[in-house]
Amino acid sequence: VSQSRYGSVVRDGLRVLFDNSNIKSYSGSGGTWTDLVRKTSYTDPVSAGVGNETWMGSASTGITISVVVSKIATFVGYAEHPVNKWVNTTNASFVLYHFGDTAGGLIDRFAWYANRGGVWGNISDPFLAVNGNTYIITLQYNDLTGGQLWINGTKSGTRQGSGSRANSTEPLKLLGPTGSTSSKLLNCYMWNRELTDIEIQQNFNALRGRYGI
């Protein structure tokens, strides 16, 4: 992971680094750089051939996911899923929802969902995003106390949900730069542990300058 390009982003536990502006991205505990840029749609998954959660550490009771998303427009329909590892609600390890114009009170909001302990539901509070803005959206999760949402280095809402996330055999999928007219995924980081509050703020400070946040 380039120190100059990604600044002081936390390396301990880092398992996925996807960067739409970089022709190669990082995945796996072995520190392998692979070409992920062409694998960024729902039908062309990033981690094709990687079953279940072994790439994250099967015994992990925590996870942190941080994404940089540009909100372009209101999604037409119920929702799109810029980051997801699921087929349905019974095996969802995690899903980032971007709710659209038929989602009622959730329109234009982002929120993380998962099947945790056999229960499907949100694992973060929803966040209302404004068209034209770019956000660093982070999920901080552990089995005991659930998920905390962070927006641009600051906690948003309160902890939601708890329990072990489903061990989905589906590949990780990321919405690519041309995959949507309503949002654009610019960057995605995943750690196989719950980062501390200080580490999350450290990551935000390392990335904010690249996106004018």
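1. A helix here is a DSSP run of H or I with at least four residues, and a strand is a run of E with at least two, each numbered from the N terminus. With that in mind, please read what follows as a description of a predicted model. Helix H2 covers residues 197–211, and the residue that follows H2 is glycine 212, whose phi is positive, near 65°.

2. The length of H2 can be checked by a short calculation. At 1.5 Å a residue, its 15 residues should span 21 Å, and the C-alpha atoms at the two ends are 21 Å apart, so expectation and model agree. The helix nevertheless bends by about 25° at asparagine 205. Its buried residues are Glu199, Ile200, Asn203, Phe204, Ala206, Leu207 and Tyr211.

3. Asparagine 203, which lies in H2, can be followed further. With a relative accessible area of 6%, asparagine 203 falls under the 20% cut-off and therefore counts as buried. Leaving aside residues up to four places away in sequence, asparagine 203 touches Ser8, Val9, Val10, Trp191 and Leu195. Asparagine 203 and serine 66 are 137 residues apart in sequence, yet their C-alpha atoms are 8.8 Å apart in space.

4. Which strands pair with E7? Strand E6 (residues 94–99) pairs with E7 in the antiparallel sense over four bridges, and in this pairing tyrosine 97 stands opposite alanine 111. Strand E8 (residues 119–122) is also antiparallel to E7, again over four bridges, with asparagine 122 as the bridge partner of tyrosine 113. Strand E9 (residues 127–128) pairs with E7 in the antiparallel sense over two bridges, and here arginine 109 stands opposite leucine 128.

5. The connection between E7 and E8 is a hairpin with two residues between the strands, and glycine 117 in the turn has a positive phi of about 65°. As for E7 itself (residues 109–116), seven of its eight residues are buried, so the strand is largely enclosed by the rest of the structure.

6. The largest nonpolar core has 26 residues, of which Val67, Val83, Trp112, Ile137 and Cys188 touch the most other members. At least two residues of this core come from each of strands E1 (14–19), E4 (62–71), E6, E7, E10 (134–142), E11 (146–151) and E14 (183–191). Apart from this core lies another, of 16 residues, among them Leu17, Ile200, Phe204 and Leu207.

7. Tryptophan 112 deserves a separate look. Not counting residues up to four places away in sequence, its contacts include Ile65, Val83, Phe94, Val95 and Leu96. Tryptophan 112 also touches Asn122, Ile123, Ser124, Ile137, Thr138, Leu139 and Leu149.

8. The structure holds ten aromatic pairs. In one of them, the ring centres of tyrosine 78 and phenylalanine 99 are 5.6 Å apart and the planes stand at 85°, so the pair is edge-to-face. Because tyrosine 78 lies in the loop between E4 and strand E5 (79–85), while phenylalanine 99 lies in strand E6, the pair ties together parts that are 21 residues apart in sequence.

9. Are these two residues buried or exposed? Tyrosine 78 has a relative accessible area of 45% and is partly exposed, whereas phenylalanine 99, at 1% relative accessibility, counts as buried. Tyr78 and Phe99 also belong to a cluster linked by ring pairs, together with Trp86, Tyr97, Tyr113 and Trp120.

Notes:
Residues numbered from 1 in each chain as written. Predicted model: local features only at pLDDT ≥ 70, side-chain atom pairs only at ≥ 80, totals over all residues. Heavy atoms only, no water. Expected span 1.5 Å × (residues − 1). Bend = angle between axes of the 7 residues up to and from the residue. Buried < 20%, exposed > 50% of the residue type's maximum accessible area, 1.4 Å probe, protein only. Pairing = 2+ DSSP bridges. Core = buried A, V, L, I, M, F, W, Y, C linked by side-chain atoms within 4.5 Å. Contact = heavy atoms within 4.5 Å. Phe/Tyr/Trp six-rings, centres within 6.5 Å; stacked < 30°, edge-to-face > 60°.
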